[in-house]
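Grab the model and work through two short exercises on how its pieces pack. Try each one yourself before you read the solution.

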Amino acid sequence: MTQVCSRLCRGVVVTTAVGMLAAPFGAGTASAAPPSVTGVGAAAPSPETPEVRPLTPEVTRRLDQAVQRVMRQADVPGVIVGVWTPDGRYVKSFGVADRSTGRRMTPDLYMRIGSETKTFTVTALLHLVDQGRVGLDDPIGKYVDGVPNGDRITLRQLAGMRSGLFNYSADEDFSRALTSDPQRSFTPRQLLDHAFGHPVLFPPGEKFSYSNTNLVLLGLVVEKVSGQSLADCLRTRILEPAGLHHTFLPAGAEFPEPHAQGYTDQTADGKVQDAADWNPSWGWAAGAMISTLDDLRVWARTVATGVLPDGRRLLSPALQRQRLATPSTAAPGVGYGLGIFDVEGWIGHNGSLPGYESLTVHLPSARTTLVVLLNTDIDHEGSEPGTLFGEEITKIITPRHVYRLPARPAAR
């Protein structure tokens with residue numbers, strides 16, 4: 001059961017210090033991604049290589065080939081890819097949304113986005129910081145009782161994954177509860193109970209360790225300070241101002257049509273199942289949200305720049321600078337700030353939970369956005385399929401900024 005619980009609700013996965021928001025089910029192996037997956041654009045770029053390559057017919061052809069190759073090798077049912085550059089766009093879907101009917105994947109589908117939820121929850125917190133209603137250096141114990149080291153762990157450390165709190169989704173009792181009944185509903189306090197039964201991993205601020213527990217706590221802070229449910233706070237403070245009309249935090253297992261079915265091996269018996277109707281409440285502020293390609297295109301630039309589509313500020317410039325201070329993690333080229341990462345210049349987040357993976361990133365230096373949505377979270381030889389797509393696509397379009405987020409199976 002340990003193999004299962006380490007994968008639940010994973011997002012950023014870079015080393016053994018970086019956990020996941022995936023459901024705890026499935027095992028990884030020690031092998032790396034196969035050489036055949038990394039064959040496109042492998043040559044080192046010269047100093048004259050542009051920040052972003054024009055989306056010429058040749059580049060488009062190479063993107064088609066790369067996406068289809070990863071799909072075959074990683075056995076991905078369906079994927080939606082969007083690339084937006086200053087000179088054009090590449091928006092395509094491949095494969096099937098439903099293996100049982102053969103229904104095709106299309107760019108308009110609703111998808112579960114897993115840990116990309118963290119960017120929204122932390123943004124809601126920062127919005128309250130801008131209003132002077134909460135302080136980033138406040139201790140979490142000021143808002144939530146019973147937190148180990150609650151008088152020492154700050155909201156900043158929670159948002160930056162440096163609290164030292166145990167990740168509830170790595171708890172074996174939680175894993176058994178979830179896998180035995182994936183439709184059950186969890187409350188935030190139930191999730192925290194699974195975390196707080198374990199010793200803290202290290203003193204606050206000592207190092208980086210990805211934990212969904214941090215975001216559940218921040219979700220409770222947002223609710224307490226705003227006086228709204230987290231879903232309502234996200235809607236009124238972030239989603240509506242940004243024009244994200246197809247993005248929301250569900251109350252339960254609801255999933256608007258049209259959506260893709262999602263395929264996972266994070267199950268009690270390890271057999272692949274369709275997880276579309278599983279209840280994501282166990283992810284809540286850390287990973288339960290639903291969105292679409294078009295909405296995530298807008299969000300990628302908004303969260304990376306702090307500027308809304310209409311030109312207004314989402315966050316003050318000073319606070320946005322704090323958010324984008326991304327201290328290094330244990331992985332080369334990867335930093336993590338306040339609910340957001342920097343991977344070789346790409347700013348954003350990834351997400352994974354049973355049946356679905358996502359990647360939403362923006363490269364400010366090239367004014368380029370990449371969104372990838374797929375309907376499986378089943379690893380390929382120790383690598384997440386979402387990461388494989390991100391790497392292969394960026395090798396082609398931004399060879400000076402290749403998205404690499406190494407995963408070590410020992411973290412799973």
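**Exercise 1: a helix pair**

In this predicted model, V59, R62, L63, A66, V67, R69, V70, M71 and A74 of α2 touch P385, L388, F389, E392, I393, I396 and I397 of α12. Work out what kinds of residues make up this contact and how the two helices are oriented.

*Solution.*
1. Sort the contact residues by class: you get 13 nonpolar and three charged residues, with no polar ones.
2. Now take the axes. Helix α2 (residues 57-74) packs on helix α12 (residues 385-397) at about 160°, and the axes lie 10 Å apart.
3. Angles over 145 degrees count as roughly antiparallel, so that is the label for α2 and α12.
4. Last, the handedness: α2 crosses α12 in a right-handed sense.

**Exercise 2: strand β1 and its neighbours**

Find out whether β1 is buried or exposed, and which strands pair with it.

*Solution.*
1. Count residues under 20% relative accessible area. Eight of the eight in β1 (residues 78-85) are buried, so the strand is largely enclosed by the rest of the structure.
2. Split them by face. Side chains in a regular strand alternate between the two faces of the sheet. Here G78, I80, G82 and W84 are buried on one side, and V79, V81, V83 and T85 on the other.
3. Look for partners. β2 (residues 88-98) pairs antiparallel with β1 over eight bridges, with T85 bridged to G88. Two residues separate these strands, which form a hairpin.
4. β12 (residues 368-374) is also an antiparallel partner of β1, over six bridges, and here V79 sits opposite L374.

Terms used: Residues are numbered from 1 along each chain as its sequence is written. This is a predicted model: local features need pLDDT of at least 70, side-chain atom pairs count only at pLDDT 80 or more; totals for chains, interfaces and linings use all residues. Side-chain values use heavy atoms; hydrogens and water are left out. Axes are lines fitted to C-alpha atoms, for helices over the stretch in contact, and angles run from 0 to 180 degrees between N-to-C directions. Helices (H or I, at least four residues) and strands (E, at least two) are DSSP runs, numbered from the N terminus. Angles under 35 degrees count as roughly parallel, over 145 as roughly antiparallel, 65 to 115 as roughly perpendicular and the rest as oblique. A crossing is left-handed if the near helix is turned anticlockwise from the far one by less than a right angle, and right-handed if clockwise. Contact means heavy atoms within 4.5 Å. Ala, Val, Leu, Ile, Met, Phe, Trp, Tyr, Cys and Pro count as nonpolar, Asp, Glu, Lys and Arg as charged, and the others, Gly among them, as polar. Buried means under 20% relative accessible area, exposed over 50%, partly exposed in between (1.4 Å probe, protein chains only). Two strands pair if DSSP finds at least two bridges between them.
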